[in-house]
There are 2 protein chains.
Amino acid sequence: MDVNVARRKRLSAAERRNQLIEVGRGVFAERGYEGTSVEVLAERAGVSKPILYEHFGGKEGLYAVIVDREIEHVVAIIAAAISDGSPRERVEAAALGFLQYVEQHPEGFAILAHDAPTARPGSTMSSLLNDVAERVGQVFAAAFKEAGYNRKVAPIYAHALVGMVTFVGQWWTDVRKPPVEQVASHIAALAWMGLRHLPTRPDPIARKR
Amino acid sequence: MDVNVARRKRLSAAERRNQLIEVGRGVFAERGYEGTSVEVLAERAGVSKPILYEHFGGKEGLYAVIVDREIEHVVAIIAAAISDGSPRERVEAAALGFLQYVEQHPEGFAILAHDAPTARPGSTMSSLLNDVAERVGQVFAAAFKEAGYNRKVAPIYAHALVGMVTFVGQWWTDVRKPPVEQVASHIAALAWMGLRHLPTRPDPIARKR
DNA sequence: ACCTTACCTACTGTTTCGTAACTTACGTAG
DNA sequence: CTACGTAAGTTACGAAACAGTAGGTAAGGT
């Protein structure tokens, strides 16, 4: 027993910190916030509990750092996707970008999709994806204003689109097919043209750029 | 202290059972599954723990009953909404029906939107709304087949639409305005016609790059 | 009077966060 | 090369919250 005893290494503070963040992302992703104990976190990092307390002050501190990084990451992806091109291209790029993120960082996405631990009163807002939607909403509000639409309804559309793509993303992480490019294409078509023009054939996405 | 002592009443088994279900719905809604203890549940019902164990076998049993009821409820609403009318009317009715459910049963909706406790491995499926989407997907698959579309992509659309409306529903429970009818109208417009034809103004997005 | 049904108090064992007090590896000055 | 200070790490524990249960009590219909 104690297989790690040979491999146990002494790391520098920064290294240990990063390692804990990575380990934490994995554990939080698969067990949720409340479901993970600092004991398990420490064990998986091959370290004892007080180390974690020293670096992050506790479970919540580690979680906060992980969540913050992940939100910044995904917001950056979306921001880049909608930064230029025709409106329709932006929609397509955002959907594709997000789904590729889901594919490449399933753990991070799982964390964002799970309930947030912050049981602040009044707000039933469970998922962290609301923060993402909030930020998308600001972009939308600006675009709506510029286009002469009612700015007040922008959040509706922002949340609708974020909900659409994230929910599909969650489903996709389970079934893992068809490929994200195809899924993104369908979603973008739905978002842009509506149910009214369903694509009659599965893959009309021969147009690559 | 112990304000309930005077009001403590002796109920029949069926009455107590129903009371526990209602209390449980409220508590689970605001604290999530893992966040609620049997002790709190019992206390809020003005009863002691063993009563709950007697009726439901434990926390999980009570939760299962509540969830089952709520899912049946919401699926019935959606099924009724899409039972007849033109496709477009069905979309509109489904969105409106669901949002009215959210408005009238915020606690039940909160439970469905929160993470499910079933930490079965392999599946990252956190929310119970996936079950709803699953069932919507079956309806879609049939409709797709009949319309000559590829049946395999039906789940994409089903999840997209369910995600859209549920995510907006979650946001709406926090802000509580504009009225659901208006929100439903926007969502239905988006789902049916796409971003391309945003309501309230003819499309000035001719500015392509 | 009695017995069924609803209900309670009080406990066990476990799991958890968080901390106090002690130990070991490692670079470097002399 | 060796003594030593500091950063990295450990063991062991306290306190609280929790699920679930054993065994006893009282209400109320018949």
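**Exercise 1.** In this predicted model, identify what covers the buried residues of α6(B), and establish why α6(B) is largely enclosed.

*Solution.* Begin with the cover: the elements over the buried residues of α6(B) include α1 (13-31), α4 (59-81), α5 (87-104), α7 (129-147) and α8 of chain B. Next, list the buried residues themselves, which are G108(B), F109(B), A110(B), I111(B), L112(B) and A113(B). Finally, since six of the eight residues of α6(B) are buried, the helix is largely enclosed by the rest of the structure.

**Exercise 2.** Describe the contact between chain A and chain B, and state which element gives the most to the side of chain B.

*Solution.* The contact draws 51 residues from chain A and 50 residues from chain B. On the chain B side, at least two residues each come from α6 (106-113), α8 (154-175) and α9 (180-193). The greatest contribution is that of α8(B), with 15 residues. Sorted by class, this side of chain B holds 26 nonpolar, 16 polar and eight charged residues.

**Exercise 3.** Determine which residues have the most contacts inside the largest nonpolar core, and trace the contacts of I187(A).

*Solution.* The largest nonpolar core comprises 119 residues, and I187(A) and I187(B) have the most contacts inside it. Neighbours within four places in sequence are set aside; I187(A) is then in contact with A95(A), M164(A), V165(A) and V168(A), and also with I156(B) and A160(B) of chain B.

**Exercise 4.** Characterise the surface near DNA strand D.

*Solution.* Among the 19 residues around the strand, A13(A), S48(A), S37(B), V38(B) and G58(B) come nearest. Two or more residues each are given by α1 (13-31) and α3 (49-56) of chain A and by α2 (38-44) and α3 (49-56) of chain B. The classes are eight nonpolar, four polar and seven charged residues.

Methods:
Residues numbered from 1 in each chain as written. Chains lettered and ligands numbered in written order. Predicted model: local features only at pLDDT ≥ 70, side-chain atom pairs only at ≥ 80, totals over all residues. Contact = placed C-beta atoms within 7 Å. Helix = DSSP H or I, 4+ residues; strand = E, 2+ residues; numbered from the N terminus. Nonpolar A, V, L, I, M, F, W, Y, C, P; charged D, E, K, R; others polar. Core = buried A, V, L, I, M, F, W, Y, C linked by C-beta atoms within 7 Å. Buried ≥ 20, exposed ≤ 12 C-beta atoms within 10 Å, placed from the backbone. Near = placed C-beta within 6 Å.
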